[in-house]
Amino acid sequence: MLTLYIFAVLIGLLAINVPVVAAIGLTSVIFFAVLGQGNFLAMLPHRMYFGTTGFTLLAIPFFILAGNLMNTGGITRRIFRFAGAMVGHVPGGLGQVNIVASVIFSGMSGSAIADAAGLGQIEHKAMVDDGYDPVVSASLVAASSVIGPVIPPSIPFVLYGAITGVSVARLFMAGFLPGIIMSLGMMAALAVMAKRRNYPCSSCRTPAREAWASFRGAFWALMAPVIIIGGIMTGFFTPTEASVVVCFYAAILGFAYRDLKLRDLPGVLFVSLQQSVSLLFIIAAANFFGWLIIHQKIPDRIIAGLVAMGASQAHVLIIMMGIVLMLGCFIEGNAIFLITLPIFMPVARMFGIDLVNFGVVMTLLIMIGNLTPPVGMCLFAVDNFARVGIIPLSREVLPYLAVIFAVTVLIAFVPGISLFLPRLMMGGM
């Protein structure tokens, strides 16, 4: 019953529009006080500080900065032009370009919001100018932006690894194939809709000379994922160090392309600081909440209940997936990680669920949450510039949501797909 009370208070606070960080912190404080553990409140500053000092978490602000540098430094425009030369003639035209560009960009930023807010604006304008309905264009921008955190590098994978102790490098490798499958599924869904709805597309392939020029213009941008993943896999640098490398790389390219100016840096740094502080503040509060969960032995009670019910691994997976999907409608994705993982991890270990694959499944689930109202962060990020309305946008994104959900179920119950590359390239497991 205590578990239900804790989450009832948390969800109740969120329902009355209390900010996520305040809701998490207040829930912890209330229950420590009610349980007569007031002395534990003295530990609040220590636990909040401790929650944000992990070496792995340093990658988060740097990947955020990298995404903002790419958006300001002209890298996104070059990626979009190259993707257009590759798939602009496929049914769905610029919609397919949108997806391919998001796949390429995902190999650099690791953030759905960075993709939606930066590359997304370029994609949306190009599609509307080409004759696409603004709602259709906005839905595709929102859907393709969630590819970013699945294909490495990935901020959610960094956060998951920091919380659970799972190798971030293995998580990066594990996300690659599911991300590619997800993008191919979106492209197939778009191709079917393009034929039914007669979406515009180029009638001929891009001339070889123009395609080569677009590749040459985007070459150094395309090298970023190779440098990041290659450096991690060869042991030249850690995922955290990779985030710093990609920041310097994005800045150098921006200055070389002459799209990034010295006067732009204060604005880029300030926006990145705001985004980083917002996320790290939630992490700090959630660390105290996780301490409450562990102190009250809630995971132990849940495990005992599931064992008494005779639940199997599949049943446990379905229950946890259902909980995350429900929470995704109301809570921002990173906060879901921080709230649920202290409970889920002991349960997953008890029932033999692979923690690397579980990280991929959890990330896919929170990507679904990014596309579901009323708190779909990618929907709001796209509507901020598209101005088409959240409800029409939510309806139009449903086919892509179905694709992501199907991929999530596939990865959850066929873990060999996500674990293939980590086993092949890193051994063990």
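**Exercise 1. Count the positive and negative side chains of the protein chain, and give the distance between the centres of the two sets.**

Step 1: Fix the classes. Lys and Arg are positive, Asp and Glu negative; His and the chain ends are not counted.
Step 2: Place each charge at NZ of Lys, CZ of Arg, CG of Asp or CD of Glu.
Step 3: Count. There are 21 positive and 14 negative side chains, with centres 4 Å apart.

Two notes on the input. This is a predicted model: local features need pLDDT of at least 70, side-chain atom pairs count only at pLDDT 80 or more, and totals for chains, interfaces and linings use all residues. Residues are numbered from 1 along each chain as its sequence is written, and side-chain values use heavy atoms, leaving out hydrogens and water.

**Exercise 2. State how many helices and strands the protein chain has.**

Step 1: Take DSSP runs, numbered from the N terminus: helices are H or I, at least four residues; strands are E, at least two.
Step 2: The result is 21 helices and zero strands.

**Exercise 3. Find the residues that touch the most other members of the largest nonpolar core.**

Step 1: Collect buried (under 20% relative accessible area, 1.4 Å probe, protein chains only) Ala, Val, Leu, Ile, Met, Phe, Trp, Tyr and Cys, joined through side-chain atoms within 4.5 Å.
Step 2: The largest core holds 152 residues; Ile24, Ile60, Tyr160, Met182, Met186, Phe358 and Leu371 touch the most other members.
Step 3: Helix α10 (residues 168-197) gives the largest share of this core, 13 residues.
Step 4: Inspect Ile60. Skipping residues up to four places away in sequence, Ile60 touches Ile155, Val158, Leu159, Leu279 and Ile283 (contact: heavy atoms within 4.5 Å).

**Exercise 4. Give the buried share of the protein chain.**

Solution: buried residues make up 55% of the 429 residues.

Key. Buried < 20%, exposed > 50% of the residue type's maximum accessible area, 1.4 Å probe, protein only.
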